[in-house]
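Work through the three exercises below with the sequence and the model side by side, and try each task before reading its solution.

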Amino acid sequence: MNVAAALGYIPIVAIIWLLLEPYSKDRFVRFHAIQSLALAVASMGVSIVLAMIPILGWIALLFFPFVVFALAIFCAVKAYQKESFKLPVLGDFAEKQVAAS
């Protein structure tokens with residue numbers, strides 16, 4: 001299950017894990033899949049905001065995808081090590097979603 005949780009940081013795989021029966025029942029895999037999707041949605045929102053800010057936002061937008069990618073890799077490594085690493089706001093959201101199901 002730790003490999004499934006780590007692969008969940010690929011957003012399309014996270015959606016598949018949430019739809020497939022054995023993975024959607026496992027709380028660890030479900031947590032990391034939801035956190036991954038929350039990271040993807042939040043990064044899209046931040047990208048839109050950065051795109052609207054002239055010059056400084058555009059410069060930050062050049063480096064932002066690398067930061068998100070590094071964060072996703074870090075979280076995937078933590079998931080592979082069977083650790084429930086929570087991102088500051090997104091981790092709490094994912095935890096509430098897993099508890100609600």
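A residue is called buried under 20% relative accessible area, exposed over 50%, and partly exposed in between (1.4 Å probe, protein chains only). The model is predicted, so local features need pLDDT of at least 70 and side-chain atom pairs count only at pLDDT 80 or more, while totals for chains, interfaces and linings use all residues. Residues are numbered from 1 along each chain as its sequence is written, and side-chain values use heavy atoms, with hydrogens and water left out.

**Exercise 1. Determine which residues of helix 2 are buried and what they pack against.**

Helices are DSSP runs (H or I, at least four residues) numbered from the N terminus. Helix 2 spans residues 11–19, and within it Val13, Ala14 and Trp17 are buried. Seen down the helix axis, these buried residues fall within an arc of 105° (taken from the directions from the axis to the C-beta atoms), so they line one face of helix 2. The face turned away from that buried side carries the exposed residues Ile12 and Leu19. With contact meaning heavy atoms within 4.5 Å, the buried residues of helix 2 pack against helix 1 (2–7), helix 3 (21–25) and helix 4 (27–52).

**Exercise 2. For the salt bridge between Lys25 and Glu21, state the separation of the closest N and O atoms, then place both residues in the helix and at the surface.**

A salt bridge is a side-chain nitrogen of Lys or Arg within 4 Å of a carboxyl oxygen of Asp or Glu. In the bridge between Lys25 and Glu21, the closest N and O atoms are 3.4 Å apart. The two residues are four residues apart in helix 3, and therefore Lys25 and Glu21 are separated by about one helical turn. As for the surface, both Lys25 and Glu21 are exposed.

**Exercise 3. Describe the salt bridges of Glu83 and Asp92, with the accessibility of each partner.**

The structure holds four salt bridges. Glu83 pairs with Lys78, the closest N and O atoms being 3.4 Å apart. Glu83 counts as partly exposed because its relative accessibility is 34%, whereas Lys78, at 19%, counts as buried. Asp92 pairs with Lys86, and here the closest N and O atoms are 2.8 Å apart. Asp92 has a relative accessible area of 33% and is therefore partly exposed, and Lys86, at 33% relative accessibility, counts as partly exposed too. Finally, salt bridges that share partners join Lys86, Asp92 and Glu95 into one network.
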